[in-house]
Amino acid sequence: MTTDTFEPHPIVRLLEKPAAEFTCADLVRAAEELELRQVNLRYVGGDGRLKSIAFPVDSREHLAEVLTQGERVDGSSIFPGVGSESSDVYIVPRHRTAFINPFGERPSLDVLCSFYDEDGHPLSYAREQVVRRAAEALTEDTGMVLEAFGELEYYLVDQPERIFPVEEEHGYQESSPFSKGEQIREEALGHLAAMGIRLKYAHGEVGNILEDDRQLVQHEIEFWPVPVEQAADALVMAKWVVREVAYRHGLEVTFAPSVSGDGAGSGLHVHSRLVRDGANAITDDGGVNDTGRQLIAGYLSMAKALTAFANTVPTSYLRFSEGGESPEGISWGETDRTGLVRVPLAWGGGVLPGMVAHANPGSSEPIPEPDVHPQTVELRLGDGSADVHLLLAGMAVAARRGLKDPKSLKRAARLSADDHDKFEQLPQSCAESADALQRDRAALEADGVFPPELVDAVIDGLRAHDDAKLMKKIAKDDATRDELVRRYWHVG
């Protein structure tokens, strides 16, 4: 392969081959030539966060051994509810995920891993295995691949700046010096790109909050559509990178769904599309087609249950009740920002040539065609507390339901915000979310996608918050609300 001049991944540039083709031998060569003397095996734990185990390399043979066989780890410490009597599990490196760690004290090669049980079978309750099974089941049934990407919102917290002070609720795509933290955002983008994570763009978000002793400035990173397994990994990696960069600048970062009674919380909207034979199956270049409406209907049909993965702490439900652009009902619309699913603009209807010609008079350059039409549908359910692997797995299950259910097109018509104005509401607490998951668990557990013990653990975790009465109290008690926000400040 001829390496693109703009290729940001140093291992891809060195090997002159795409990451999807990396082998153990390739990584040994890269570690040798780039003088990487440590390997960090990384995996996603039961709390949805990125974990790490470090191996100082003392020989070529040792490096190859680590990169081939991985290691055994204590599953009972990683996944809640796993008994200590049968807790040993394996983590095995996925070579295609290798990247150079930009943060370590020693030059290190980092690789994401998959989990396997004592018999060498995929570990049923490991996050990356659940989303993989969900994606495979969808493709086996429909011949389509679900691609997705997230909009990751977060706040940087610092002391108030006297020069060009923060303007509240006025941060959307604002530039420095009015926007704060742009340097941190750009540093994070550089690291993510070098790790092989594809990005669309990043910008300041609306939520500027100014208090007596601190300023909170909201940012967003938007990714590129990739198969859902990769999309989930990208979001977990991005949270890790943003936290690391902010920490090194002496700033705090939070992905919390609610950060203050005076400003917007942080969501985690997920865009998706179905791809068949390299073509976008949800559009005919005039907006979403029937396949797209079936996809939307699937998401809406399971929306209440999906909150169990998308909105995992009590403050998630504050965001629903207080957020200006949070979903108001289980509905969808074209470019509508109040419904649960939105169909964004996507350069359809042949509008692009005219716009380009008007913006660039006299230009005769050809307009490049995208590999896949950019039309997506945006599920506006999640927030920063989301267990992203389980959320994307749940979306794949919901997509499969929508495509198989003969009533989906009627459901889509009934739940369109363009034609109706009364819709069911989302759960108002973790307790209600747990009840919704219990009612819809059969669809998630079908064909072994979600193991019953994992669903049980999620339900138990939601009910442990015991927040049904608490959410009503918060409406009348600011002190209780503030305490709850502090308790769930670092999530996801």
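**Reading angles and exposure in a predicted model**

Mentor: Gln 173 lies in the loop between E7 and H6, helices and strands here being DSSP runs numbered from the N terminus (H or I, at least four residues; E, at least two). This is a predicted model, in which local features need pLDDT of at least 70 and side-chain atom pairs count only at pLDDT 80 or more, while totals for chains, interfaces and linings use all residues. Residues are numbered from 1 along each chain as its sequence is written, and side-chain values use heavy atoms, with hydrogens and water left out.

Trainee: Why does Gln 173 count as partly exposed?

Mentor: Its relative accessibility is 44%, and buried means under 20% relative accessible area, exposed over 50% and partly exposed in between, with a 1.4 Å probe and protein chains only; Gln 173 therefore counts as partly exposed.

Trainee: What makes Glu 35 exposed?

Mentor: Glu 35, found in the loop between helix H2 (24-33) and strand E1 (38-44), has a relative accessible area of 53%, and is therefore exposed.

Trainee: Why are H5 and H12 called roughly parallel to each other?

Mentor: The axes of H5 (residues 127-142) and H12 (residues 388-404) cross at roughly 15 degrees and come within 8 Å. Axes are lines fitted to C-alpha atoms, for helices over the stretch in contact, with angles from 0 to 180 degrees between N-to-C directions. Angles under 35 degrees count as roughly parallel, over 145 as roughly antiparallel, 65 to 115 as roughly perpendicular and the rest as oblique, so H5 and H12 are roughly parallel.
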